[in-house]
Amino acid sequence: MRALPLIVLFGITCQAAVAQVSVGHRAGVSFSRWLVNGGEGTIAKAWNDRQKLVPGLSVELPVEFAIRQHLMLGSGLAFIQKGYQYKGSSKQQYRSNYLQVPLTVGWAFDRHRFRVTPSIGGAFGMNVRGTGVWRFEDRSNSSWTFPIGRMDDKGYAYRKPDQEWSMLARLGIAYTWDHSALTLDLSYQYGLSNAMFDFQFTDINGNPVDPGNIPIPEARQRSYVVQLGYVLSLGSGGRKPKPVEALSDSTRSILAEAGIIPKVMVGTRFGATRSTMSFSASLPEEEARVVDGAEPLMGITAAVMVKVRLSDHWSLRSELAYMQKGWRCQWYPRPTLENDLLRMTYLELPLLVSYQMTGHKLRPFVLAGPVIGRGLGGVQLYHAVGGTAYGDFYNASAVTFGDKPGDHNPWDFSAQAGVGLAFAVGHSELNLDMRYQHGFSDVVSDPSINLYSEKAQASHRNWMLNIGYLVPWRK
C-alpha cells in the first residue's frame, strides 16, 4: 500500500515520451481545520464550534503533462502544514507536517496569454511530525510548546497516523510567455483519513493512555491553499528539437544589445538543505557532549532571484532567500536517549558572482559570494531521561533572536560557493545547482543558552540542492 503512490507516479512519468512536460515550483499558505463527526453529538459540536482556521506553509514541485491539447495530468511532490486552532483565552494551535504526492486530471481553457485549468484528483501524504502550542492569555501570556509525532514515535506528547489520503480540487491560473508561465494556484483538500482520534494520547513516558468509556468521534482535515509560482515547459518527449547552431561571442553581443538575448532575468529557486554546525567550548567535556554523535538536519530553502548579465560568461546574481539551518546533537546538559533537534530559520541576502559557459541547451556554471542573514525563529525539541518525578520528559521550545538573556545572535555572515547546470528553454533557463555555505558568525551570543562553558562558539555549515528558473525581464 505504501508503494502505491510511487507506482502511480512512475506510470505517469512514462507518459513523458508522448506528452509535453512542464516543471516548476510554487509556494504559499494553507488554512486548515478539522471537521469532527461521530461520538456524542455534543462532543462533535463543541469541537467544531471552538475551532478556527490555522495558517501554515505550503510548497510544491509540480510536474504537468499535456496528454492532449487541453487534457492535463498533474503530479509532483508537495509539503503542507495542516491542523487547527481553538478560539478563546487559552489558544491552542496544532500543526502537522506532511509530504504529499498529488495526482489530478484537468482541462485547460486558453485565452490569449492566460490559461485557466480546473482539475480534480487526490493526494497521498506521509506525516513527518509537527508541533503544538498552547497560549494562556489569562495567565501572563505564558505558553507551552510540545511536539506531535507519528504513531511509531515514542516519547511524543501526541501521536497521529503515519499516512493520510485526501480528495483534491484545484483551480490553476497561468499567465504565459516564451516557454514559461507565472501561476496562481487555488486548491481545496478534503481529508478521507481519520486525523485526530486514530492517534494515541500518551502519558509522559510515551505509553498509550486508555480513553475509557468516552465516546470517540472522528476528525477529517480540511485545507484551503493559495500558492504563487511558475512552470517551465520542457517541450515534447516524442519530438526532437531542431538543431541550433552555436552563436559566436560577437553575434551574442549584437543580439544582447538588440534585446534579443536578455541582460536581466528574474526567477525563483527551491531546494533541500543538509545542515550541521561547528561547535567549540572552553569545557572539554561539554564540547565532547555536543559534538560526539551529532547528526545533520534536513530542511528547506527558497528564494527569489535577479540575474544581471555582465558579459557572455559573467553575471551577477542577487537573491532574497528563506533558509533553514541547525543540527541534531546533545545540546542540553542532561541524561538523554537521543539527540536534540535545533532548527533555526533565516532571511538571507546572497550576492553571488557567476561564470557560465556558453552552449546549445546545457550550460554549466559556477557561482560564489557573500551572504548576510537575519534570524527569524525556530524550534528546539529535546528529550530528558528521568527529567521529572514522573519519568521521561519530551518537550519543545521556540528559538529566539536578539539581545535578551537566552537569545541567539540575530545576524549570520557567511559565504556560498557552488556548481550548477542551466538548461536553456527559449530565452528562459531551468537551473539545477549544488551549493556549500560556510558560516562565520557565532550563533551563541549569550552563554546562558543551556551551556556551562563561558566561551562556547557555534557556526553554521550547510549544503543545498536547488532547482529554479529564470525568465527574461521585459519592460
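This note covers the nonpolar cores and the salt bridges of a predicted model.

1. Basis. Residues are numbered from 1 along each chain as its sequence is written, and side-chain values use heavy atoms, with hydrogens and water left out. Because the model is predicted, local features need pLDDT of at least 70 and side-chain atom pairs count only at pLDDT 80 or more, while totals for chains, interfaces and linings use all residues.

2. Main core. The largest nonpolar core (buried Ala, Val, Leu, Ile, Met, Phe, Trp, Tyr and Cys residues joined through side-chain atoms within 4.5 Å; buried is under 20% relative accessible area with a 1.4 Å probe, protein chains only) has 18 residues. Phe-279, Trp-327, Trp-331, Met-344 and Ala-458 have the most contacts inside it. Two or more residues come from each of strands E13 (264-280), E15 (314-329) and E16 (340-356) (strands are DSSP runs of at least two residues, numbered from the N terminus). E16 gives the most, with 3 residues.

3. Second core. Another core, of 13 residues, lies apart from the largest one; Val-36, Ala-44, Ile-148 and Met-196 are among its members.

4. Salt bridges between strands. The count is 16 salt bridges (a side-chain nitrogen of Lys or Arg within 4 Å of a carboxyl oxygen of Asp or Glu). In one of them, the closest N and O atoms of Arg-269 and Glu-319 are 3.0 Å apart. Arg-269 lies in E13 and Glu-319 in E15, so this pair ties together parts 50 residues apart in sequence. Arg-269 is buried at 3% relative accessibility, and Glu-319 is buried at 2%.

5. Further pairs. Lys-325 and Glu-348 form a salt bridge at 2.6 Å, N to O, and both are buried. Salt bridges with shared partners also join Arg-26, Glu-60, Arg-170 and Asp-185 into one network.

Note on methods: Buried < 20%, exposed > 50% of the residue type's maximum accessible area, 1.4 Å probe, protein only. Helix = DSSP H or I, 4+ residues; strand = E, 2+ residues; numbered from the N terminus.
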